[in-house]
Amino acid sequence: MTFDAKTIAMLLEGIWDTLYMVIISSGVSYLLGIPLGILLVVTDEDGIKPFPVFQKILGLIINLLRSVPFIILLLLMLPVTRMIVGTLIGSKAVIPPLVVSATPYIARMVESSFREVDAGVIEAAKSMGATTGQIVWKVLLPEAKPSLLVGAAISITTILGYTTMAGFVGGGGLGAIAINNGYYRYELGIMIVTVVLLIVIVQIIQEIFMRISKATDRRSR
């Protein structure tokens, strides 16, 4: 493999497409996943506003979505993807299935982070007359922030892994380059370079979120 201008341009475009898919799908997934995670905690039988029937139904739906392998979900959603973005190939076409797959995963990560909050802090807020909204925004979210950031690092790198699978069905990014050029055309050099680039991106994401998490963790001060 020679790193000519064409190869470098292809790799740069792959990096951009990968980051585009990860950033957009992660942002949308968190916009949906955080409220779902809050609902799972708040409506639990030991939650702030118990509604066990609703909580169990919501939990079941989330578990069912989490159980579907991403590559299968990607294929099942082809008609919906075409309707939403107007195409079945490229980076845009991967975002809808990424969001559907990542949102329930993120909801469970958010739920797990909130459950780490000391129950005594919540009870203290209740005793002072705080409303459900105030407890969520002024107690749960601030107290769970370090754990939420660690969860974000895990969730976003998981989404990054999903983007590589999308290359099998016409998705863009580094995964598509690794599959189309590295695997199908037997270009081992391209395969190695794309894997290294993905590892570097994962490490950068992990480092950024871990540092922010540590900086916001009051327990480490």
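**Exercise 1. The fold in outline**

How many helices and how many strands make up the secondary structure of the chain? Describe the chain as a whole as well.

Solution. The structure is a predicted model.

Step 1. Count the elements: the chain has 9 helices and 0 strands. Read from the N terminus, the order is α-α-α-α-α-α-α-α-α.

Step 2. Take the dimensions. The C-alpha trace spans about 70 × 45 × 25 Å along its principal axes.

Step 3. Look at burial and contacts. The chain has 221 residues, and 43% of them count as buried. Among contacts with a separation of 6 or more, 71% are between residues 24 or more positions apart.

Step 4. Look at the surface and the charges. About 12,100 Å² of the chain is exposed, and carbon and sulfur atoms supply 68% of this area. There are 17 positive and 14 negative side chains, with the centres of the two sets 4 Å apart.

**Exercise 2. The nonpolar patch**

Which residues make the nonpolar surface patch of about 610 Å², and which helix gives the largest share of the patch?

Solution.

Step 1. List the members: Leu 39, Phe 51, Val 53, Phe 54, Ile 57, Ile 61 and Leu 65.

Step 2. Assign them to an element. Helix H2, residues 52–67, contributes 5 residues, the largest share of the patch.

Step 3. Check one member. Leu 65 lies in helix H2. Its relative accessible area is 35%, so Leu 65 is partly exposed. Patch members need over 30% relative accessible area, and the 35% of Leu 65 meets that cut-off.

**Exercise 3. A residue that touches the patch**

Where does Val 100 lie, and which residues does Val 100 touch beyond four places away in sequence?

Solution.

Step 1. Place the residue: Val 100 is in helix H5.

Step 2. Classify its exposure. Val 100 has 28% relative accessibility and therefore counts as partly exposed.

Step 3. Name the contacts. Not counting residues up to four places away, Val 100 touches Leu 65, Leu 73 and Met 77. One of these, Leu 65, is also a member of the nonpolar patch.

Step 4. Compare sequence and space for one contact. Met 77 is 23 residues from Val 100 in sequence, and their C-alpha atoms are 9.3 Å apart.

**Exercise 4. Ala 144**

Is Ala 144 buried or exposed, and which residues is Ala 144 in contact with beyond four places in sequence?

Solution.

Step 1. Locate the residue: Ala 144 belongs to helix H7, residues 132–165.

Step 2. Apply the cut-off. Buried means under 20% relative accessible area. Ala 144 has 2% relative accessibility, so it counts as buried.

Step 3. Name the contacts. With neighbours within four places set aside, Ala 144 is in contact with Ser 113, Phe 114 and Val 117.

Step 4. Add a distance. Tyr 186 is 42 residues from Ala 144 along the chain, and the two C-alpha atoms are separated by 47 Å.

**Exercise 5. Salt bridges**

How many salt bridges does a search of the whole structure find? Work through the pairs of Arg 115, then a pair in helix H6.

Solution.

Step 1. Recall the principle: side chains of opposite charge can pair when their charged atoms come close.

Step 2. State the total. The search finds 5 salt bridges.

Step 3. Take Arg 115 and Asp 44. Their closest N and O atoms are 3.8 Å apart. This pair links distant parts of the chain: Arg 115 is in helix H5 (residues 95–115), and Asp 44 is in the loop between helix H1 (5–42) and H2, 71 residues away. Arg 115 counts as partly exposed because its relative accessibility is 42%, whereas Asp 44 at 15% counts as buried.

Step 4. Take Arg 115 and Glu 111. Here the closest N and O atoms are 2.9 Å apart. Both residues lie in helix H5, 4 residues apart, about one turn of the helix. With a relative accessibility of 9%, Glu 111 counts as buried.

Step 5. Take Glu 123 and Lys 126. Their side chains form a salt bridge of 3.8 Å, N to O. Glu 123 is partly exposed at 46% relative accessible area, and Lys 126 counts as partly exposed at 33%. The two lie in helix H6 (residues 119–127), 3 residues apart, about one turn of the helix.

Step 6. Join the bridges that share partners. Asp 44, Arg 108, Glu 111 and Arg 115 form one network.

Technical notes. Residues numbered from 1 in each chain as written. Predicted model: local features only at pLDDT ≥ 70, side-chain atom pairs only at ≥ 80, totals over all residues. Heavy atoms only, no water. Buried < 20%, exposed > 50% of the residue type's maximum accessible area, 1.4 Å probe, protein only. Contact = heavy atoms within 4.5 Å. Areas by Shrake-Rupley, 256 points an atom, 1.4 Å probe, with all protein chains shown as cover. Lys, Arg positive; Asp, Glu negative; His and termini not counted. Charge placed at Lys NZ, Arg CZ, Asp CG, Glu CD. Patch = residues over 30% accessible without salt bridge, like charges linked within 9 Å, V, L, I, M, F, W, Y side chains within 5 Å. Salt bridge = Lys/Arg side-chain N within 4 Å of Asp/Glu carboxyl O.
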